[in-house]
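I open this notebook to record what I looked up, entry by entry. The entries follow the order in which I consulted the structure.

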Amino acid sequence: MGEVGKTYALLVTNEGETYTSKTSILAPTPPVTSYWLTEPGTPNHGYSWCALADPPNQFDGYFWEANIIGYGNGNTNWADTGFEPTFSPAFDDTFFDGLTFNFCYENRFAYGSTPDEFRGFYEMGDNTVGIKLSKIDNTAYEFYKKKYIQLQTAENLFATPTNIPNNLSNGALGIWAGFSPSLDTLICQ
């Protein structure tokens with residue numbers, strides 16, 4: 001496990017080639033609070049919300065993940081989905097540097113088996129949600145931001161191609177990234 005404030009190096013040697021990279025574990029920025037709110041027009045359904053106090057005068061990149069860790073409302077099917085990124089999990093503080101603000105994220109697990117009008121929502125009393133908000137550096141932020149843009153537009157013939165940056169040497173592709181997570185539990189009520 002990495003430690004906050006430390007830098008970690010990667011060294012890989014394969015078939016006579018050497019690849020290197022380094023990353024740091026930044027101080028986490030935990031959510032001030034997390035909560036669930038119904039969405040107007042969708043009774044008993046809503047998004048997960050978070051209040052975040054962003055540190056001022058520095059770059060801050062974030063990565064949002066969620067995990068369904070149980071069901072309520074008499075449902076006996078227990079779930080543990082593992083932490084999964086949302087559809088656009090990477091964001092930075094370009095527009096909210098130094099501010100405290102509220103933002104919401106969708107339930108990525110509510111697609112496919114949920115009626116269209118409730119897609120992306122958590123149902124009241126139906127879920128216990130684990131939230132992971134990780135701090136990432138600028139290099140990791142750029143990698144994940146562009147990776148998810150590429151994933152969302154890959155089938156669109158008219159989308160602009162996205163080159164995904166990396167931080168590995170010698171022509172290798174990928175990312176060596178340090179995450180410093182903050183965890184919280186959200187009960188939809």
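**Entries on rings and charges**

I began with Y148, which is buried, with a relative accessible area of 13%. I note at the outset that the model is predicted.

I then looked up the aromatic pairs, and the structure holds 18 of them. I took the pair of F59 and Y141 as my example: the ring centres are 5.8 Å apart and the planes stand at 55°, so I entered this pair as tilted. I traced where the two partners sit. F59 is in the loop between β4 (42-53) and β5 (61-71), whereas Y141 is in helix α1 (residues 138-153), so that the pair links distant parts of the chain, 82 residues apart. I checked the accessibility of both. F59 is partly exposed, at a relative accessible area of 34%, while Y141 is buried, at 7%.

I returned to Y148 through its partner F63. The centres of these two rings are 6.3 Å apart and their planes are at 55°, so this pair is tilted. F63 belongs to strand β5 and Y148 to helix α1, so the pair ties together parts that are 85 residues apart in sequence. F63 is buried, with a relative accessible area of 4%.

I also asked which residues form one aromatic cluster. I found Y62, W64, F91, F96, F101, F103 and Y105 in it.

**Entry on K132**

I next located K132, which is in strand β9 (residues 127-136). Which side chain of opposite charge is nearest to K132, and how far away is it? I found E65, at 4.1 Å. K132 is buried yet has no salt bridge. The reason follows from the cut-off: a salt bridge requires the nitrogen and the oxygen to be within 4 Å, and E65 is 4.1 Å away.

I listed the contacts of K132, leaving aside neighbours within four places in sequence: F63, W64, E65, F83, P181, S182 and L183. I singled out F83, because K132 lies over the face of its ring, at 4.6 Å from the ring centre. I also marked two names met earlier: F63, the ring partner of Y148, and W64, a member of the aromatic cluster; both are among the contacts of K132.

**Entry on salt bridges**

I searched the whole structure for salt bridges and obtained four. One of them joins E3 and K6, whose closest N and O atoms are 3.3 Å apart. Both partners are partly exposed, E3 at 44% relative accessible area and K6 at 40%.

I then turned to helix α1, where E142 and K145 both lie, three residues apart, about one turn of the helix. Their side chains meet in a salt bridge, at 3.6 Å from N to O. E142 forms a salt bridge with K146 as well, with the closest N and O atoms 3.5 Å apart. E142 and K146 are four residues apart in helix α1 and are therefore separated by about one helical turn. I recorded E142, K145 and K146 as linked in a network of salt bridges.

I closed with the accessibility of this network. E142 is partly exposed, at a relative accessible area of 22%. K145 is partly exposed at 25%, and K146 is partly exposed at 25%.

Notes
Residues numbered from 1 in each chain as written. Predicted model: local features only at pLDDT ≥ 70, side-chain atom pairs only at ≥ 80, totals over all residues. Heavy atoms only, no water. Helix = DSSP H or I, 4+ residues; strand = E, 2+ residues; numbered from the N terminus. Buried < 20%, exposed > 50% of the residue type's maximum accessible area, 1.4 Å probe, protein only. Lys, Arg positive; Asp, Glu negative; His and termini not counted. Contact = heavy atoms within 4.5 Å. Phe/Tyr/Trp six-rings, centres within 6.5 Å; stacked < 30°, edge-to-face > 60°. Lys NZ or Arg CZ within 6 Å of the ring centre and 35° of its normal.
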